[in-house]
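The following exercises concern one protein chain. Each consists of a task and a solution in steps.

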Amino acid sequence: MMKKSNLWMVMLLIFTLFTSGLQAPVLAADLGKQGSITVLGLDGANPILAKTTVQISDTETATEALTAVVGESNVEFTDTSNGKMLTGINGVKAEGTNYWAFFINGVSAQIGSDSYIVQNGDQLTFRLTDWTKTPQNTVSLKVVKSDKSNVIDQSGIEVIGSPTAFQLLQVILGPDKVGYSESQYGKMITSINDIKAEGTNYWAFYVNDKMAEVGADSYQLQSGNQISFKLESWENGTGDGNTGGETNPNPSGGTVSEKTIQASVDSASKYVLQNNLGEWEVIALKQTGQTIPATYLTSVKSLVKEKQGKFNRITDTERYVLGILAAGGDPTNVGGYNLVEAIYNGNVTKQGLIGMSYALIALDSANFSIPESAQWTREKIVKHLLDRQNQDGGWAWDESATSDIDTTAMILTALAPYKKQPEVKGKVDAAIKYLSTQFQASKIDNSSTAAQAIIALAALGVDANAAPFTGLVEYFLSYQNADGGFDWQGGDVSDPFTTSQGIQALAAYQLYTTGKGSLYQLPLVEQKPETEKPETQTPSEEAPAQTTPHQDNGSNSVKGHTLPNTATDSYNLLMVGLLMILIGSLVYMKQRKRFS
């Protein structure tokens, strides 16, 4: 009987071990911070370590990250009064007039690598450099407060690669000294060196003493650039940085004919087709009956597949949904990736109220079906927006008590389909009154803000060229130049960024006057069967890769503190377990016959 009991115990142990391997796969889901490290030879020649993606802990320094990649024995230091000085990497030593220069996102670091805490997404570069040689590419940075005093004024900052003005600001001041919020158009700076842009103030971005036509996070630095950030007020115009012309006062009245609108549409369409063709332009072209180049849909599909349906900014996902619809595609199946699901199950609050409003716009654009189990249903988004309306009837992009016209207009555009619902109607009416008050007080002082107001009013079925907005369309058209493009606040130089909003306003107003719907109504075109499947399962908006992180930055490997894939052993355990149970069963039957 003892041997019988032992056999049963063996069987029980085998079964326990086997079933423990049948648990649901547990994936290494939290990869933490990720960055890259590159080590270059003298003055950038002969890479010693090609760009390598690494996983980084919360408090890891750049030196520690480097050591984790190349190994402790391959990093040499010399202790100085200012801390550790890096003297050797992979056997290459800094001797004579050479030293190891340290760059963060392509900008010469202001602190040593042993003091810098790596941020998520950082690209770190160590380059052997001869200090007797003059750097080839340098820029300057100035930050000016509203009283014209300098926060910082530094020149001769060496840059390599293609860093942006925003990265320059972060590296020179430190990432903790640059506050920002994600918006529809990228990063919006909210504070510099603890100086906040509050009320009517904002941080204006200048390149070579001229206000930039793009955001700081979109502008790639060029050698010799003089980069400035100045705290200015909307109420005081553009300060001492002339954008090319005086601010136009709001016209007291006037009507705009359909013929005039059509001529403006044709002219703007020609401009965007020659200069820039993004999602917003594609939407406007679609809604004004223009032909959209087939290359747009092909390129955006390729991008979605390359990114595996996952984008860092929720507004990117939202605008791709709209652009794909406008071009005749199906955003619920782009090579197997469902961008619509990525919205209603994504982190739509990540970019504040802008991300929320365009989430609702995208979901309503083709009346997409949303499951009740979705993280964000239409009802939840509407309530979220309504709950954050300010007492003056407007909304603020950062959810503060100081409303702004652009955000208010965008949210009104999103709420337009719900305007007759009792809980929505009063809020919408208050917001329209807020817009009219701002217009009458000449607070709509640029073409982009005017464009957003026209888009919102058209979606609501309100004439932007009649009381209480008489003259708004005429004022807006005063910013269109001879080449068909629009400028922001006066002058005769058009820019693609402003024109993208301008052509949308033209399309929206034309749709309103002809009774053909609103700008973002984009019916889904019946598609041919999709045969292509994604390479991997579509990740959620915020979920990291399940195994090795997706590499879209040209890196050749992933090193550092990687987590194992713990989801690949179940089938092996299954086969081993079944085999062991079978063997155990045979042994047991044999022993049973022996002792019976």
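Two strands pair if DSSP finds at least two bridges between them. Helices (H or I, at least four residues) and strands (E, at least two) are DSSP runs, numbered from the N terminus. The model is predicted: local features need pLDDT of at least 70, side-chain atom pairs count only at pLDDT 80 or more, and totals for chains, interfaces and linings use all residues. Residues are numbered from 1 along each chain as its sequence is written, and side-chain values use heavy atoms, with hydrogens and water left out.

**Exercise 1. Determine the strand order of the sheet that contains β9, and describe the neighbours of β9.**

Step 1. The sheet is open and has five strands in the order β10-β9-β16-β14-β15, with mixed pairing. Its edge strands, each paired on one side only, are β10 (150-158) and β15 (210-211).

Step 2. On one side, β9 (residues 138-144) pairs with β16 (residues 226-233) in the parallel sense over five bridges. Within this pair, V143 is placed opposite F229 of β16, and L141 is placed opposite I227 of β16.

Step 3. With β10, strand β9 pairs in the antiparallel sense over six bridges; here V139 faces I157 of β10. The two strands form a hairpin with five residues between them, and K148 in the turn has a positive phi of about 75 degrees.

Step 4. Helix α3 (residues 165-173) lies across β9, β10, β14 (201-207) and β16, and runs at about 75 degrees to β9. Axes are lines fitted to C-alpha atoms, for helices over the stretch in contact, and angles run from 0 to 180 degrees between N-to-C directions.

Step 5. Buried means under 20% relative accessible area, exposed over 50%, and partly exposed in between (1.4 Å probe, protein chains only). Five of the seven residues of β9 are buried, so β9 is largely enclosed by the rest of the structure.

**Exercise 2. Describe the packing of α6 with α7, and then that of α11 with α12.**

Step 1. Helix α6 (residues 294-306) packs with helix α7 (residues 314-326) at an angle of about 145 degrees, and their axes are 10 Å apart. The crossing of α6 past α7 is left-handed, a term for a near helix turned anticlockwise from the far one by less than a right angle (right-handed if clockwise).

Step 2. Contact means heavy atoms within 4.5 Å. From α6 the contact is made by Y296, L297, V300 and L303, and from α7 by Y320, G323 and I324. By class, six of these residues are nonpolar, one is polar and none is charged. Ala, Val, Leu, Ile, Met, Phe, Trp, Tyr, Cys and Pro count as nonpolar, Asp, Glu, Lys and Arg as charged, and the others, Gly among them, as polar.

Step 3. The axes of α11 (residues 405-415) and α12 (residues 422-440) come within 10 Å and cross at roughly 145 degrees. α11 passes α12 in a left-handed crossing.

Step 4. On the α11 side, I405, T408, L412 and L415 make the contact; on the α12 side, V424, V428, A431, I432, Y434, L435 and Q438 do. These residues divide into nine nonpolar, two polar and no charged.

**Exercise 3. Locate the backbone features at N90, N193 and P468, and state the geometry of each.**

Step 1. N90 has a positive phi of about 50 degrees although it is not a glycine. N90 lies in the loop between β4 (83-89) and β5 (92-93) and is partly exposed, with a relative accessible area of 33%.

Step 2. For N193, also a residue other than glycine, phi is positive and near 55 degrees. The loop between β12 (186-192) and β13 (195-196) holds N193, which is partly exposed at a relative accessible area of 30%.

Step 3. A cis peptide bond with omega of about 5 degrees joins A467 and P468. P468 is found in the loop between α13 (447-460) and α14 (472-477).

**Exercise 4. State the overall counts for the protein.**

Step 1. The protein has 16 helices and 17 strands. Of its 596 residues, 47% count as buried.

Step 2. Among contacts between residues at least 6 apart in sequence, 66% join residues at least 24 apart.
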